[in-house]
Amino acid sequence: MTQHDFKAESLAQSKKLHGNIELNTKTPIKNEHDLSVFYTPGIGAVSSFLAKHPDQASEYTIKNNTVAVVSDGSAVLGLGNIGPFGALPVMEGKSALFKELGDLDAFPICLDTQDVDEIVAAVKHIAPVFAGINLEDIAAPNCFEIEKRLQQELDIPVIHDDQHATAIVVLAGLINALKVTSRDTKSSSVVLIGAGAAGNGVAKLLLAHGFKDIVAVDSKGIVSSNRQDLDPEKKNLALITNPQNIDGDLSRAVEGRDVLIGLSGRPDLVSAELVRSMKPNPIVFALGNPNPEILPDVATGAGAAVVATGRSDFPNQINNALVFPGMFKGVIKARLKRIDDGHKLLAAQALAGVVQAPTPNMIVPSVFDKLVVPAIVASLEQKL
């Protein structure tokens, strides 16, 4: 069977369409009357009103339903630091998914700077137009400071998707994978391969859910308090994970674990031998995209009971698109200013619940399952 060349088709379609999103009006402007209502002189009344009542902008403008998808192009997919023009097609595609899946009006904002202060300032300056800010493909450690500062300084929700949407969908898949393998959250041990933005986000949410034994690994080995080369975020990660404070390489981290979650972006990093060193019937999430840390057939051949990847051509696609449309739709609908762990845990549980009878090849629903977005929105309403 010949594999379809999605890269060639994507290049051809993007050139043909000049991108895949556009702006449309909600009502036609066909005559002088329409022009007077929706532009001048009528629109001046709306402007005057909002100048005095800015807190009601969401009632009168597109701020009601808009998301800024912001990137500096420093960590795009598995392509690395390819800058704002390299990031633009990805942010555009994500904006299209916001519309198609969540009926939210999102717009790609690709900034020609990788300076933290300049990014924070730029986002703050454009914030009046938007109901939420989705930070995307910004490399660690800058992503942590940018998100923290914007959350403190803006009155709309700000999420770094690579951390939090990744964490939510991983937890949702893991909830169901534990059911399939008859495991318990508190007694299941986890190894995270990758200690950047995604690794931090996943570790923190798994701990909030109740996992007790998580070990993270970066390119230099196990993240432990004994290491002297850790940046501030990894130092914090070492404090909240690795309860036995073990040291060593990847093989030491993986041995005897129940769950392996690959977030490294390094193809074929995990061997069959490593999977065989885990506990019987382990769970393997190899989420490096487009090329996973281990291919599903290799992992299952080595004894893995449940295998997930980030790809659509294998079962169990762990995809952020399962999360961000419903998450933003829910928080915007509820007029939330912050998203906390409670919201994320509810979203993960709701997403897991869409799959009512999990199997080894079905632990998360399809991105196109019509129940996903309403389930997440309904879960967020529980916390109001």
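**Figure 1. Aromatic pair of F49 and Y60 in the predicted model.** Y60 is partly exposed, its relative accessible area being 46%. F49 is also partly exposed, at 27% relative accessible area. A search of the whole structure yields 3 aromatic pairs. In the pair formed by F49 and Y60, the rings are tilted, with 5.0 Å from centre to centre and 50 degrees between the planes. Because F49 belongs to helix α3 (residues 43-52) and Y60 to helix α4 (residues 57-60), the pair ties together parts that are 11 residues apart in sequence.

**Figure 2. Aromatic cluster of F98, F324 and F328.** The ring centres of F98 and F328 are 5.5 Å apart and their planes lie at 80 degrees, so this pair is edge-to-face. F98 in helix α5 is thereby linked to F328 in helix α14 (residues 324-333), 230 residues apart. Both F98 and F328 are buried. Over the ring of F324 sits the charged end of K94, 4.2 Å from the ring centre.

**Figure 3. Parallel strands β1 and β2.** Strand β1 (residues 66-71) and strand β2 (residues 105-110) are joined by 6 bridges. T66 is placed opposite D105 of β2. Between the two strands the chain passes through helix α5 (residues 83-102), giving a right-handed β-α-β crossover.

**Figure 4. The largest nonpolar core.** This core comprises 67 residues, of which L192, L206, I261, F285 and M327 touch the most other members. Its greatest contribution, 11 residues, comes from helix α8 (residues 161-180). Leaving aside residues up to four places away in sequence, M327 touches I159, I168, I339, H343, K344, A347, I376 and L380. A second, separate core has 22 residues, among them L250, L274, A286 and A304.

Technical notes. Residues numbered from 1 in each chain as written. Predicted model: local features only at pLDDT ≥ 70, side-chain atom pairs only at ≥ 80, totals over all residues. Heavy atoms only, no water. Core = buried A, V, L, I, M, F, W, Y, C linked by side-chain atoms within 4.5 Å. Buried < 20%, exposed > 50% of the residue type's maximum accessible area, 1.4 Å probe, protein only. Helix = DSSP H or I, 4+ residues; strand = E, 2+ residues; numbered from the N terminus. Contact = heavy atoms within 4.5 Å. Pairing = 2+ DSSP bridges. Right-handed = clockwise from strand over helix to strand, strands pointing away. Phe/Tyr/Trp six-rings, centres within 6.5 Å; stacked < 30°, edge-to-face > 60°. Lys NZ or Arg CZ within 6 Å of the ring centre and 35° of its normal.
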